[in-house]
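Here are some short exercises on side-chain contacts, each with a worked solution. Have a look at the model, then work along at your own pace.

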Amino acid sequence: MQPRLILHIGHFKTGTTALQVFLARHRSRLARQGLVYARTSEHLSKHSALALALLREAGATTLMHGYTDPTPATRLWDALADEARSLAPGAELVVSSEEFIRLGAHPRAIAGLRACLARMPDVDVRAIAYLRPPHSHLESWYNQLVKMNAAPGDFDATVSIMEEVHTDYSTAILPWAEVLGPGRVLLRSYGASLREGNALARDFLGALGYRLPLWPKPLGNDPNPRLDPRTLDMRRAFRRHGLSPTVTDRWVTRLSAQLAPPAQATMPPVSQVIRCIEALRTLPGAALDWDAMLADLPRGSDGDLRIARQVIDLLCAELVRVRRKRRQSS
């Protein structure tokens, strides 16, 4: 029986870190089912070196996370193939790294991947990826870049220069389908329901034909927590202007504690407003643009706009406080 290698290739912000921690923690229990979480190139429960080596050889210089290992990619992938060949008949080897998804934006990296796979013609290689709705993905990836102090500007500016795989899912996935062949790339939807408990692990294992181990170990704290979106741009701005991470955390914590939850809009019922406008139609000389009136009915402020207004108010209050303190000390 041909050994099988399964590549979990991402995407970013689809619970990959949580899934990797789960697979590493349950390695022995999953192996008894025949699903082996690879040891080759594993670091911090993931296998990013397999992708980063290809990206380095393709000339990628950004978001390499300090990767400087000069080991040729072919040597890493040969070792992975050897691990797959060492499995018991019927067992499958799985590796996981969201960095794999970046290869599609680097044609030379895809060419390198093709060369590595050509050296293991006896191994059946397949891939699985999760995708979330595009705007949700962009917001979450922007959140991650701010956390890593790697966002070059606000949301719009950052999105405009992101790697293609974040804005064009075909760039992320189609090169993999071309390299691996028809039917060898499995796509799964990622949404809020998979963030609950072990739902993502259950979905991932089920898609591969395995079951969730009985009494799975709890993950505990989120291994990759999301920053509070209300204070995201405050954090980015503080870091951009030179505040240390410690001072930034202190400022953001202080300001976010004062942020009131978004107030519920208390607009009059739309039906009531329409009745009031319609009542004017009977007035002599009422030469109003009725279509324009009805197309622009009262509505509450957008949630993000309400937060922005609160932040502006808080920052102005902080500026006044600092100015007063300086005057008192002078």
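## Exercise 1: a salt bridge between helices

This is a predicted model, and in it the side chains of Asp 249 and Arg 235 meet in a salt bridge, at 2.6 Å from N to O. Work out which elements the pair links and whether Asp 249 is buried or partly exposed.

Solution. Start with the positions: Asp 249 sits in helix 12 (residues 245–258) and Arg 235 in helix 11 (residues 232–240), 14 residues apart. Next, take the accessibility: Asp 249 has a relative accessible area of 37%, so this residue is partly exposed. Arg 235, at 17%, counts as buried, because buried means under 20%.

## Exercise 2: one acid, two partners

Find the salt bridges that Asp 124 makes with Arg 4 and with Arg 184, and place each residue.

Solution. First, Asp 124 meets Arg 4 at 3.0 Å, N to O. This pair links strand 4 (residues 124–131) with strand 1, 120 residues apart. Second, Asp 124 meets Arg 184 at 2.2 Å, N to O. Arg 184 lies in the loop between helix 9 (169–180) and strand 5 (185–189), so this pair ties together parts 60 residues apart in sequence. Finally, compare burial: Asp 124 is buried at 7%, while Arg 4 is partly exposed at 26%.

## Exercise 3: classify a ring pair

How are the rings of Tyr 142 and Phe 155 arranged?

Solution. The ring centres are 5.6 Å apart and the planes meet at 85°. Angles over 60 degrees count as edge-to-face, so that is the class of this pair. Tyr 142 is also buried, at 3% relative accessibility.

Note on methods: Residues are numbered from 1 along each chain as its sequence is written. This is a predicted model: local features need pLDDT of at least 70, side-chain atom pairs count only at pLDDT 80 or more; totals for chains, interfaces and linings use all residues. Side-chain values use heavy atoms; hydrogens and water are left out. Rings of Phe, Tyr and Trp (its six-membered ring) pair if their centres lie within 6.5 Å; planes under 30 degrees apart count as stacked, over 60 as edge-to-face and the rest as tilted. Buried means under 20% relative accessible area, exposed over 50%, partly exposed in between (1.4 Å probe, protein chains only). A salt bridge is a side-chain nitrogen of Lys or Arg within 4 Å of a carboxyl oxygen of Asp or Glu. Helices (H or I, at least four residues) and strands (E, at least two) are DSSP runs, numbered from the N terminus.
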